[in-house]
Amino acid sequence: MTDTLIHISDIHQDGAATIANPRLAEAYRSSTVRLFTHRLSAIAEVPGFDRLRDLGRELKRQTIENLDFYLGQFADSVERNGGKVHWASDGAEVCRIVVDIVQKSAAQEVVKAKTMVGEEVELNHALDAAGIRAVETDLGEFIIQLAGERPAHIVAPAIHKTREEVADLFEEHVDPRRTLVPEELTAIARTALREMFQKAGVGVSGANFAVAETGTVVTIENEGNIRMCTTVPRVHIALVGIEKLIPRLSDLGIFLRLLGRSGTGQKLTTYTSLLTGPRREHEDGPEQMHVVLVDNGRIKSLADPKMREMLYCIRCGACLNTCPVYRKIGGHAYGGVYSGPIGALVTPEFTGIGNARELPFASSLCGACREVCPVKINIPDLLLHLRSEAQNHAPQKSGGLVSERLTFRMWAWAMRNPTAYKLGARLARLVQLLVARKGWIHKIPAYPASRWTKERDFPALAPQSFRERWKKM
Ligand code: SF4
């Protein structure tokens, strides 16, 4: 893994910056509400959608529990079909493999379809360092590549960009004729990308699923660019996280129905491509197909019986769209390439909890993510698990953390001592007389509670405790 993989800065600071920016705040609000509403309508059309989720979960569970078997089967099937399998243990190895394939093919240019693994390992930087030009061809990824940013959402990377900002970027980098008409902006991108598809010697894609039985890489999309990336250049490289495996082709229908509806509210995305080996005689397609199977932290999660469930994720983005925290602070505040509730699990797992110890706390634990997850991952439970891991990996000198620990130790002690609890509650009620007004505390002067009242009011303690009222009754 390279040092540059993660850019965890200050989630509080970056989140506050999003909240303070009315344009950004509205972009996140309106887009997530739209995707959330589309999902609701789409799943309402399917009787027994919940049963479908159970089936998807069970299939994922079985696959992840037997991943060694399915990985072996998949690798054999790919090779049997004429493809070449590469195993990469970390991000640096993924980059080395891809750069090597591109250099051997003597290509100067690479077209890339949307791949979160590619983002995760910062493939574009590695290609750039090797003197190879890489162009993103997914419209959202194309936009953020021009802007020099990371994706703000798993399925909608440019969710935070307005039409005006896209027009500015296109005017500066692609075509000087400025337009604000969405169709014309899309046409500008299409013209620029068509040329790249024809020129590029290598196409790099991700994979939504990888079918062990047949060695098939499955990609889904709405724009058609993945199909171009994977079929027009002479060489196709698919970056496949090892958790993308599904056992059989007959299982695919379940996941396609779950993914489209949960992610964007579509019955099916516009294009579903099943790529099974390079071209054969009298067929179109790439001359070579390489599949890079990527670990980069996944095997560590697989070895942890608690966190293993995280690997069921099919990257639909539904948990982001429903999460009250993501909706407010936006994708970039999470620091890594994955954001929202699943990002708060994946980033600490893949990069080490010490690099991202704030992320599991970026949740109200309301459970909305678990409610919408098509494979029913118990995200709040996993976040709680990571929170305790984070405490174990905390820097000992952190002032905030020491006071936090002390507060919770005192709290735990008081909860176990009825007399102390009773006295503490009485004392707190007395002290709050200084700051409480009409049932609310608007400002707590002492840190760390002052951080809470900086943004919102705190409910005052009731004048009588439950025990006291109970006694009277
Ligand atoms: S955790 Fe569930 S809801 Fe979130 S992206 Fe993954 S599959 Fe979708």
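**Exercise 1. Find the helix that holds Val 431, then name the surface patch this residue helps to make.**

Solution. Start with the helix: in this predicted model, Val 431 belongs to α20, which covers residues 418-432. Next, look at the surface. Val 431 joins Leu 427, Leu 430, Leu 433 and Leu 434 in a nonpolar patch. The area of this patch is about 570 Å².

**Exercise 2. Work out the strand order of the open sheet, and say which strands stand at its edges.**

Solution. Begin with the order: the sheet has 3 strands, arranged β11-β12-β13, and their pairing is antiparallel. Now count partners. β11 (436-437) and β13 (458-459) each have a single partner strand, so these two are the edges, and one side of each has no neighbour in the sheet. Then zoom in on one pairing: β11 and β12 (residues 440-441) are joined by 2 bridges. One contact to look for pairs Arg 437 with Trp 440 of β12.

**Exercise 3. Locate the salt bridge partner of Asp 54 and explain what the pair ties together.**

Solution. First, the partner: the side chain of Asp 54 meets that of Lys 376, at 2.8 Å from N to O. Second, place both residues. Asp 54 sits in helix α3 (residues 49-65), while Lys 376 is in the loop between α17 (368-372) and α18 (379-392), so the bridge links parts 322 residues apart in sequence. Finally, for context, the model has 23 salt bridges.

**Exercise 4. Describe the residues around the ligand by class.**

Solution. List some neighbours first: among them are Cys 313, Ile 314, Arg 315, Gly 317 and Pro 374. Then sort the shell, which has 9 nonpolar, 1 polar and 1 charged residues.

**Exercise 5. State how far apart the C-alpha centres of domain 1 and domain 2 lie.**

Solution. Take the bounds first: domain 1 spans 3-299 and domain 2 spans 413-472. Their C-alpha centres are 50 Å apart.

Methods:
Residues are numbered from 1 along each chain as its sequence is written. This is a predicted model: local features need pLDDT of at least 70, side-chain atom pairs count only at pLDDT 80 or more; totals for chains, interfaces and linings use all residues. Side-chain values use heavy atoms; hydrogens and water are left out. Two strands pair if DSSP finds at least two bridges between them. Helices (H or I, at least four residues) and strands (E, at least two) are DSSP runs, numbered from the N terminus. A residue is near a molecule or strand if one of its heavy atoms lies within 4 Å of it. Ala, Val, Leu, Ile, Met, Phe, Trp, Tyr, Cys and Pro count as nonpolar, Asp, Glu, Lys and Arg as charged, and the others, Gly among them, as polar. Patches are made of residues with over 30% relative accessible area and no salt bridge: like charges are joined within 9 Å, nonpolar side chains (Val, Leu, Ile, Met, Phe, Trp, Tyr) within 5 Å. Accessible areas come from the Shrake-Rupley method with a 1.4 Å probe; for residues, only the protein chains shown count as cover. A salt bridge is a side-chain nitrogen of Lys or Arg within 4 Å of a carboxyl oxygen of Asp or Glu. Domain bounds come from an automatic or database domain assignment.
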